[in-house]
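These are my notes from going through the model, with strand pairing and aromatic contacts as the two topics I wanted to look up.

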Amino acid sequence: ITASAPDGEYTYDGDAKTAEGVAYDKLTFNGQTYTVEGLSSTMTQTDAGEYETAITGTAVVKAADGTDVTNQFSVNTEDKGLLKINKRDVTVTAKSDSKAFDGTALTNNGWDVAATTETTGLVKNDKIASVTVEGTITYVGTADNVAKDAVFAEGVNANNYNVKYEKGTLEVTDRADKYVITASAPDGEYTYDAVCYTHLRA
């Protein structure tokens, strides 16, 4: 009889996850069904990671009438199972912004975290404390606003999350009211003296 340790796969959600129980490949021989007692396997964890499960205890095989027939069987308990808790995806998006051209740089270091769903987003009281956002544009056009390097709040296990980043867009548009630059031609007044004069205005 081969005993199998339990497997289990989950996504981190802040709650403890358990893989438990022992399964057997075959319990019926020559039309007689037997039971196995005395073995167990359990693994409980909360944080993302992979945790091996093992079978413990001493196998006792019994016939249908309760008779101990352990000596007639070999029970293999070497199997290892796996409790796997996957990291939870969380998306951080850099803010977008726009303005009309004014000769100064447009920047916006804001960011947002996507709302929590059944399998994504921050859970419990987990929070992101800071995100680096880089992007700038001065003249008419668009530029990427890029989020990176999220830092989780104190006490939060960052290993439980897989942070994904979405870009924002910075846009400088043409002015509706144009700047007015007035050019002035030069003036000059002289008394004739047979010399050629030039008057320039910068």
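Is Tyr 34 buried or exposed, going by its relative accessibility? I looked this up with the caution that the model is predicted, and I found a relative accessibility of 15% for Tyr 34, so the residue counts as buried, the cut-off being under 20%.

Entry on the aromatic rings. I searched the whole structure and noted 6 aromatic pairs. For one of them, Tyr 12 and Tyr 161, I read a distance of 5.7 Å between the ring centres and an angle of 80 degrees between the planes, so I recorded this pair as edge-to-face. The two residues belong to distant parts of the chain, 149 residues apart, with Tyr 12 in the loop between β2 and β3 and Tyr 161 in strand β17. I also checked their accessibility and found that both Tyr 12 and Tyr 161 are buried. The ring of Tyr 34 pairs with that of Phe 29, and because the centres lie 6.4 Å apart with the planes at 55 degrees, I entered this pair as tilted. Phe 29 has a relative accessibility of 23%, so I counted Phe 29 as partly exposed. I then followed the ring pairs further and saw that they link Tyr 12, Phe 152 and Tyr 161 into a cluster.

Entry on a charge and a ring. I looked at Arg 175 and noted that its charged end sits over the ring of Tyr 179, at 4.0 Å from the ring centre.

Entry on the open sheet. I traced an open sheet of 3 strands in the order β2-β11-β9, and its pairing is mixed. The edge strands are β2 (8-11) and β9 (49-54), each of which pairs on one side only. From one strand to the next, I noted a twist that averages 15 degrees. Between β9 and β11 (residues 80-86) I found antiparallel pairing over 6 bridges, and within it I marked Leu 83 in β11 as the bridge partner of Tyr 51.

Entry on β15, β16 and β18. I noted that β15 (residues 128-134) and β16 (residues 141-152) pair in the antiparallel sense over 5 bridges, and that they form a hairpin with 6 residues between the two strands. In this pairing Glu 134 stands opposite Val 146 in β16. I then followed β16 to β18 (residues 168-173), where the pairing is antiparallel over 5 bridges, and there I found Thr 142 opposite Glu 171 in β18.

Conventions:
Residues are numbered from 1 along each chain as its sequence is written. This is a predicted model: local features need pLDDT of at least 70, side-chain atom pairs count only at pLDDT 80 or more; totals for chains, interfaces and linings use all residues. Side-chain values use heavy atoms; hydrogens and water are left out. Two strands pair if DSSP finds at least two bridges between them. Helices (H or I, at least four residues) and strands (E, at least two) are DSSP runs, numbered from the N terminus. Axes are lines fitted to C-alpha atoms, for helices over the stretch in contact, and angles run from 0 to 180 degrees between N-to-C directions. Rings of Phe, Tyr and Trp (its six-membered ring) pair if their centres lie within 6.5 Å; planes under 30 degrees apart count as stacked, over 60 as edge-to-face and the rest as tilted. Buried means under 20% relative accessible area, exposed over 50%, partly exposed in between (1.4 Å probe, protein chains only). A charge sits over a ring if NZ of Lys or CZ of Arg is within 6 Å of the ring centre and within 35 degrees of the ring normal.
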